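Here are a few exercises to work through with the model open. Try each one yourself before reading the solution.

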Amino acid sequence: MRVVSGIQPTGNLHLGNYLGAIRNWVRMQDTLEAHDRAQIAESGSAQKSETLFFLADLHALSQPHDPAALRAATLEMTAALVACGIDPDRSVLFNQAQVPLHAELQWLLNGTARMGWLNRMTQFKDKSGKNRESASVALFTYPVLQAADVLLYQATHVPVGEDQKQHLELARDIAQKFNNDFCCEDAPVFTLPEPIIPGEAARIMSLRDGSAKMSKSDPSEMSRINLVDDADTIMQKIKKAKTDPEPLPSDVAGLAGRPEAANLVGIYGALTGAEPAAVLADFGGKGFGAFKPALGEVMIETLGPIRDRFVTLKQDREALDAILARGASKARERGAPTLSAAYQALGLVRH
Ligand code: TYM
């Protein structure tokens, strides 16, 4: 298995990123390593699995940005990922900008991706809004770079939140068309990646609006829990989270039409490992006055230790630079054979 995923280093890591994606990255890193070890113990050897995670700093250019802020956020996000449990000795952790193969492969794939496919991308429609004419070309071609990110490493599995599913379907379409158009049937250049989307936390919603996803770009700080928030801030944000006046229902069907209540119950479940039905078995009939402090507590319990590690790690810029340099060198090595194969399949002369 080759697990690959990325995150944009813009703004803070928030609870949606953590529950929707990063927690799964850490789990996959840990379980794959244990699986390899068990296989070696059993048969003396194993096909080594690998996990690669990156800061999608090239993707950040698709929106207006401040260069100094991007540089700082790239290092901070690296610290945040390590604080969450990504271990640079066991996973390849790097930033795209130090691995030019991503941008190179994107150009090769631009010949295969179709305008009609990109025109259907809902994230482009959402992010460009009414101002499509002045959106950057990078925002439009962004999903092709995302396809290059995973195809470069022959990713088999890509852990992401629900909002990235469409981009990964596009990556599969691009890989399939490229293999069909340019490769012999028994020697495809690209592996078709499988998205891994968590059932319970695929889409964490805003604390101010249960119909909008929790997002870095929401102007309201109260809409999201950041991984850097301290205990008091977390409790305050949870207590002020939008809800309705009814008590919690005793079964899941009773959450229909109550998006804010459903979101908070889902978050509680994702943090404690309980199904929403089990959460409602405990809290059904109780008001938010009782539920919110309990939710705040479990959140502080999970995020507190991550925050403490993050605060220490982010001080050591040199160590963070070294992590990214080492990861980038490994990533360049891993990606080189696929990029060469793509050049060759396309008939490009390159020695
Ligand atoms: P980004 O930076 O917006 O988000 C990083 C990851 O967090 C997930 N996520 C959420 N999950 C649940 N609920 C939410 N409210 C929520 N908000 C964010 C995202 O689904 C994502 O998994 N285009 C990507 C970055 C990227 C990438 C890639 C991902 C670039 N190349 C290749 C996978 C593979 C993005 O902007 O994610």
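**Exercise 1.** How do the residues of the shell around the ligand divide into nonpolar, polar and charged?

First, some ground rules: this is a predicted model, where local features need pLDDT of at least 70, side-chain atom pairs count only at pLDDT 80 or more, and totals for chains, interfaces and linings use all residues. Residues are numbered from 1 along each chain as its sequence is written, and side-chain values use heavy atoms, with hydrogens and water left out.

Now sort the shell: twelve residues are nonpolar, eleven polar and five charged. Here Ala, Val, Leu, Ile, Met, Phe, Trp, Tyr, Cys and Pro count as nonpolar, Asp, Glu, Lys and Arg as charged, and the others, Gly among them, as polar.

Next, look at who comes nearest: of the 28 residues around the ligand, these are Tyr142, Gln146, Asp149, Asp163 and Ile204 (a residue is near if one of its heavy atoms lies within 4 Å).

**Exercise 2.** Find polar contacts of the ligand with Gln8, Gly16 and Lys216.

Look for pairs of N or O atoms within 3.5 Å. Start with the backbone: a polar atom of Gln8 is 2.9 Å from a ligand oxygen, and one of Gly16 is 3.2 Å from a ligand nitrogen. Then take the side chains: a polar atom of Lys216 lies 3.1 Å from an oxygen of the ligand.

Finally, check the burial: the ligand alone exposes 710 Å², and the protein buries 97% of that (Shrake-Rupley method, 1.4 Å probe).

**Exercise 3.** What does the C-alpha trace of the protein chain span along its principal axes?

Read off the extents: about 70 × 55 × 40 Å.

Notes. Polar contact = N/O pair within 3.5 Å; in protein donor to acceptor, adjacent residues only side chain to side chain.
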